[in-house]
Amino acid sequence: MPVWIDGGPRRSRRSRVTRAALVAAVPVLAISGVLAGTGALPETSLVDAPGDVAPGASGGHGRGMSQLGALSYAKQGWDAQRILAFYYPGTTLGTVHTGLPVTVRLSERNRVDVLAPAGALIAGKQVMPGQAVSFDGTTATVRQGCGGQVLGTVEVPDRTISPLTADQGIAADQVLRFCSDNARYRGKLVARDGGVLNVVGIEDYVRSVVPVENSPGWADQGGVAALQAQAIAARSYALVRGAQRGETFDDTQASQVYGGVDKEDPRTDAVVVSTYGLVMAQNGRVYETEYGASRADDPAVTPAS
């Protein structure tokens, strides 16, 4: 599986005002012992001398965290808290409420036609387990499985199919699944303007971002701290860019690469759990943690797929 370490443009520029936009109240204090291996920040003398540049720090768009640089530092024994403090000076760890949703435009989808293995809801009506739903405008057709017998139609003004529970982290075999290719997505699916939106809880969103923005294989190379830093950066970035404002994200590098359930990996699942609710904060506000890959001559090791 290709790893999204491309060194290309990643995030549009935003002003410092937007960068510190208020998203949720955050206690601005270091949280020691939350991340595996973390504690008090190391003495500043252990960080690079003034004027030194972290590996890959000028790669990609040249702003924020270098992903390959983070991996290099993790392999040198840095924990996630130290990596983040280095790349986002003046910030600190904080916590946020993690029930906020993220709305993602699924760039390669133009139609909602999905199976509900565990059942679902449309317009307040229950779709039974194993039934499938497709939308034509505001009319939903319910079938007995993908391509099966038509059981009826329902008017669904919001053109939304929702899982029976809003809980994040439900079993992968219970999430909604596209009939065309069996691709699975957590949260709600909405037919909108000739496309498909996935409205997903932020923890489930981050769970799918981390393994495609980095490589799960980093966990086997001494890079767990880099993956933890990525999870915190991805969560912070999403919150500032609109989890509360309702801003719609792409599932591409134009926002953050997101692949649904099929890109999840047990190694990065564990990383996301270990950073649950953690963000980077500044002056009581979530900080917009831009990040990029690295230039081609970055001395960090080549990531595994």
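Helices H4 and H6 cross each other in a right-handed sense, and this crossing is a convenient place to enter the structure, which is a predicted model. Helix H4 spans residues 202-213 and helix H6 spans residues 266-274, and their axes come within 9 Å while crossing at roughly 135 degrees. Angles over 145 degrees would count as roughly antiparallel and those from 65 to 115 as roughly perpendicular, and H4 and H6 are therefore oblique to each other. On the H4 side the contact is made by Glu 203, Val 206, Arg 207, Val 210 and Pro 211, which meet Thr 268, Asp 269 and Val 272 of H6. Sorted by character, the residues of this contact comprise four nonpolar, one polar and three charged.

From the helices we turn to the strands. In general, the strands of a sheet pair through backbone hydrogen bonds, in either a parallel or an antiparallel arrangement. Here, six strands make up an open sheet with antiparallel pairing, and their order across the sheet is E9-E8-E7-E4-E11-E12. The edges are formed by strand E9, residues 150-155, and strand E12, residues 184-185, each of which pairs on one side only. Within this sheet, strand E7 (residues 131-136) runs antiparallel to strand E8 (residues 139-143), the two being joined by five bridges, and Ala 132 is found opposite Arg 143 of E8.

Another set of pairings is centred on strand E16. This strand, residues 278-282, is mostly covered, since four of its five residues are buried, with buried meaning a relative accessible area under 20%. Strand E2, residues 92-95, runs antiparallel to E16 and is joined to it by four bridges; in this pairing Thr 95 stands opposite Leu 278 of E16. E16 also pairs with strand E17, residues 285-286, again in the antiparallel sense, over two bridges, and Gln 282 has Arg 285 of E17 as its bridge partner. E16 and E17 together form a hairpin with two residues between them, and Asn 283, in the turn, has a positive phi of about 55 degrees.

A single residue completes the tour. Ser 162 belongs to strand E10, which covers residues 160-163. The relative accessible area of Ser 162 is 14%, and because the cut-off for a buried residue is under 20%, Ser 162 counts as buried. Leaving aside residues up to four places away in sequence, Ser 162 touches Ala 120, Leu 121 and Lys 188.

Note on methods:
Residues numbered from 1 in each chain as written. Predicted model: local features only at pLDDT ≥ 70, side-chain atom pairs only at ≥ 80, totals over all residues. Heavy atoms only, no water. Buried < 20%, exposed > 50% of the residue type's maximum accessible area, 1.4 Å probe, protein only. Pairing = 2+ DSSP bridges. Axes fitted to C-alpha atoms, helices over the stretch in contact; angles between N-to-C directions. Parallel < 35°, antiparallel > 145°, perpendicular 65-115°, else oblique. Left-handed = near helix turned anticlockwise from the far one by under 90°. Contact = heavy atoms within 4.5 Å. Nonpolar A, V, L, I, M, F, W, Y, C, P; charged D, E, K, R; others polar.
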